[in-house]
Amino acid sequence: MTQHRIAILPGDGIGPEVMDEALKVLRLLAEKHNFEIATEEFPVGGAALDATENATPLPQETLEGCESASAILFGSVGGPKWENLPPDIQPERGALLPLRKHFGLFANLRPGVCHPALIDASPVKNSLIPEGFDVLCVRELTGGIYFGTPKERREEGGEQIAVDTMVYRTSEIERIARVAFQAAMVRDKRLCSVDKANVLQNSVLWRETVIRVARDYPEVQLSHLYVDNAAMQLIRYAPDYDVIVTGNLFGDILSDEMAMISGSLGMLPSASLGSPDDDGLNFGLYEPSGGSAPDIAGQGIANPIAQILSLAMLLRYSLGENAAADSVDKAVEEAISAGYRTGDIFSGLETEKRVNTSEMGNAIVERL
Ligand code: NAD
C-alpha cells in the first residue's frame, strides 16, 4: 500500500478549525482509496511565536518536518496579536515567504471558481455569469519585482527615493509557462498570458518566451492581454477565460480580483508548487486563499471548503491520488448543490441550510 507523509501546519485564527475538517476528509479518503497517510502537525505563525522560546514563526522543527514530507497542508497565519512585531518575525512574512523560498515554490495555482449555485454570492450581476465560471490563475511566485535587487530607500537631492527592481530571466518565465500550458492541457486548452508588453521590457521578454513555449503545446489556444485590460475583462465576462498565466505582481492582484468576484474567500484553495519530479509530482504547499479571519475565529462558523479543496489539490499535484482528489471536488459540489451553506455563502434562500464549520465538513464527508 502506498504511504504518503504530509506535514500539517494549522497556524492561527480559523486555521485549526478548518484544518480539522480537512483531516476528517483525509482519513476517510485513505480508507476508501487504499493508501496510507502519515500526518504530523507542526506549529507555524503566531501559534509558533507563542509556543517557542526564541520567538520564531517558522521553528526549525517545523521546517525539518516539512522537509521529510511529500507536501505541506497549511491553514493560515497572522492576527491582531502579532501585527506589531518586527516585520521579519511577523507570521506571514516570517513563515510563508521563507517556506516558499526554502522549497523553491515558484508556481502559485489559484482557481477562481464561482459555482453555478453560488452566483448570488458574487458581486457580479447574475445575468453576466448565469453558469458561474472556473478560471485558473497561474502566478509566478518567486521572481519579479517582489524579489529583484536593488530594493532600497535612499536620499537623493534632499528627498527620499524608493527603488524596486523588476527582473525576470527566460528560465523563470519558461518554467511557469510550462506549468500553465500543462494545466490548460487537462482543462479547456485555452491559455491567456497577461503582461504589460507595451511598457515593460520584462513583459516583452515574458511574451516572447510564452510564445516560444507555446510551440510545444500546439493544442492549447494562446492569447495575450495587457494587465490593465485583463483586470477589466475578468469582471466583464470571466467565463471567456480558462487558464491565466502571469508574473508575481500582476498575479497577486488578479488572483485577488478573481477571489472577490467568485463570491467567498472561504471557497477558494491554492497550491504553491516546485518543479515536478520524474513522476510528474510536485512538492507543494497547499492553503486556503484567505487568511486567518480573526473576525470569526473561535466561533466554529468558518467555511472549511477552501481548506478541503486545498487538500484535493495536494492529493492531485503532490501525491498523484487523482481519483481521491476528484471525489473530494465532487463531494463539495454535491454539498453545495444540496443547499449546505456556511454564513459567508448563505444568501437566505429557502433551499439553503445554514451550517457551521463541522456540519459543512460532515456534509462533505457523507457524500464521499
Ligand atoms: P482574511 O482573508 O483573513 O479575511 C477577509 C474576510 O474574509 C473576513 O471577513 C473573513 O471573515 C472572511 N473569510 C476568510 N476566510 C473565510 C472562511 N474560510 N470562511 C468564512 N469567511 C472567511 O483577510 P484579512 O482580514 O485581511 O487578514 C486577517 C489576518 O490573516 C491578517 O493577520 C493577515 O496578515 C492574515 N493573512 C494570512 C494569510 C495566509 O496565511 N496565507 C493570507 C491573507 C491574510
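Me: What makes the approach of serine 292 to the ligand a polar contact?
Reply: A backbone N or O atom of serine 292 lies 3.1 Å from an oxygen atom of the ligand. A polar contact is a pair of N or O atoms within 3.5 Å, so the pair at serine 292 qualifies. The protein buries 68% of the 810 Å² that the ligand exposes when taken alone, with areas from the Shrake-Rupley method and a 1.4 Å probe.

Me: On what kind of model do these values rest?
Reply: This is a predicted model, in which local features need pLDDT of at least 70 and side-chain atom pairs pLDDT 80 or more, while totals for chains, interfaces and linings use all residues. Residues are numbered from 1 along each chain, and side-chain values use heavy atoms, without hydrogens and water.

Me: Why is the pair at glutamate 287 called a polar contact?
Reply: An N or O atom in the side chain of glutamate 287 is 3.0 Å from a nitrogen atom of the ligand. The pair therefore meets the polar-contact definition.

Me: How do you know that strand 8 and strand 9 pair?
Reply: Pairing requires that DSSP find at least two bridges between two strands. Strand 8 (residues 190-195) and strand 9 are joined in the parallel sense over 6 bridges, so they pair. Strands here are DSSP runs (E, at least two residues), numbered from the N terminus. Within strand 8, arginine 190 stands opposite glutamine 221 in strand 9.

Me: What makes strand 9 an edge strand?
Reply: In the open sheet of 10 strands, ordered 2-1-3-12-11-4-5-10-8-9, strand 2 (35-41) and strand 9 (221-226) each pair on one side only.

Conventions: A polar contact is a pair of N or O atoms within 3.5 Å; within protein, one must be able to donate a hydrogen and the other to accept it, and residues adjacent in sequence count only if both atoms are side-chain atoms. Helices (H or I, at least four residues) and strands (E, at least two) are DSSP runs, numbered from the N terminus.
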